[in-house]
Amino acid sequence: MIPTILTSSTPYHLLSYASVTGLTLWHSFIGGPVAFKVLPRQQFGLLQSKLFPVYFLSQSVLNGICLLTTSNRKSRRIFLIGIVGGLLNLIVVGPWTSKVMQERHKVEREEGKTYNETDISDRMKTLNKQFGIAHACSSLINMVIVVSLLSYPFISTLIVV
């Protein structure tokens, strides 16, 4: 006979919520910023391009588990935001950002200049603009996920009471 606690959705929900919230906060506010400060820019970009697919997939899967295990119907939107946002970053925005970043690195090597020098080529200016837009989209999606995850305990408490 399986103990009731193992068949209850509550521990899986709590573990998934804690994991996705911790993962998201760590990567957004600790791991990413520290790596940015200590690594050379191109190494930082390479690291992030390898970490982001795992990060976005984890966000999507863990939010999915939360969605499937919550008994609070009105707060399911929060986990849908995490799933959709994570998948958008995984499938569309993340690859776009990485592609532009890699192209920018290539142009830097070809031209012998960094992206932020004053006399950069029109090609580099275009790549800088594209990278700024792609990175802003990814960051905005991530911050929406952060806010939604942090609002969950407050929203679910209001609904239950």
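These are my notebook entries on what I looked up in this structure, which is a predicted model.

**Entry 1: the annotated spans.** I began with the unreviewed UniProt entry, which lists residues 14-39, 77-96 and 133-155 under "transmembrane region". I then checked two of these spans against the model: residues 14-39 are 96% helix and 0% strand, with 35 Å between the end C-alpha atoms, while residues 77-96 are 100% helix and 0% strand, with their end C-alpha atoms 26 Å apart.

**Entry 2: Ser-28.** I looked next at Ser-28, which sits in helix H2, residues 10-38. Is Ser-28 buried or exposed? I note it as buried, because its relative accessibility is 15% and the cut-off for buried is under 20%. I found two partners for its side chain: a polar atom of that side chain lies 2.7 Å from the backbone oxygen of Thr-24, and a polar contact of 2.7 Å joins the side chain of Ser-28 to that of Asn-142. Setting aside residues up to four places away in sequence, I listed Pro-33, Tyr-55, Asn-142, Met-143 and Val-146 as the residues that Ser-28 touches.

**Entry 3: His-13.** I moved along helix H2 to His-13, which also has its place there, and recorded it as buried at a relative accessible area of 8%. Which residues does His-13 touch, not counting those up to four places away in sequence? I wrote down Cys-66, Thr-69, Thr-70, Phe-79 and Tyr-152. I also noted that the C-alpha atoms of His-13 and Gly-64 are 9.9 Å apart, although 51 residues separate the two along the chain.

**Entry 4: cysteines.** Cys-66, one of the residues touched by His-13, is buried at 0% relative accessibility, whereas Cys-137 is partly exposed, with a relative accessible area of 31%. I looked for disulfides, and the count comes to 0.

**Entry 5: nonpolar cores.** I then turned to the largest nonpolar core, which has 13 residues, and noted Tyr-17, Phe-79, Leu-149 and Tyr-152 as those with the most contacts inside it. The elements giving two or more residues to this core are H2, helix H3 (41-69), helix H4 (76-111) and helix H5 (122-160). A second core, separate from that one, has 7 residues, including Met-101, Ile-120, Met-124 and Leu-127.

**Entry 6: Leu-149.** I followed Leu-149 out of the largest core and, leaving aside its neighbours within four places in sequence, found it in contact with Tyr-17, Val-20, Thr-21, Thr-24, Asn-63 and Ile-78. Thr-24 is thus on this list, and I had already met its backbone oxygen beside the side chain of Ser-28, at 2.7 Å from a polar atom there.

Note on methods
Residues are numbered from 1 along each chain as its sequence is written. This is a predicted model: local features need pLDDT of at least 70, side-chain atom pairs count only at pLDDT 80 or more; totals for chains, interfaces and linings use all residues. Side-chain values use heavy atoms; hydrogens and water are left out. Helices (H or I, at least four residues) and strands (E, at least two) are DSSP runs, numbered from the N terminus. Buried means under 20% relative accessible area, exposed over 50%, partly exposed in between (1.4 Å probe, protein chains only). A polar contact is a pair of N or O atoms within 3.5 Å; within protein, one must be able to donate a hydrogen and the other to accept it, and residues adjacent in sequence count only if both atoms are side-chain atoms. Contact means heavy atoms within 4.5 Å. UniProt positions are given in the numbering used here, feature names are shortened, and annotations may be inferred rather than shown by experiment. A disulfide is a pair of cysteine sulfur atoms within 2.5 Å. A nonpolar core is a set of buried Ala, Val, Leu, Ile, Met, Phe, Trp, Tyr and Cys residues joined through side-chain atoms within 4.5 Å.
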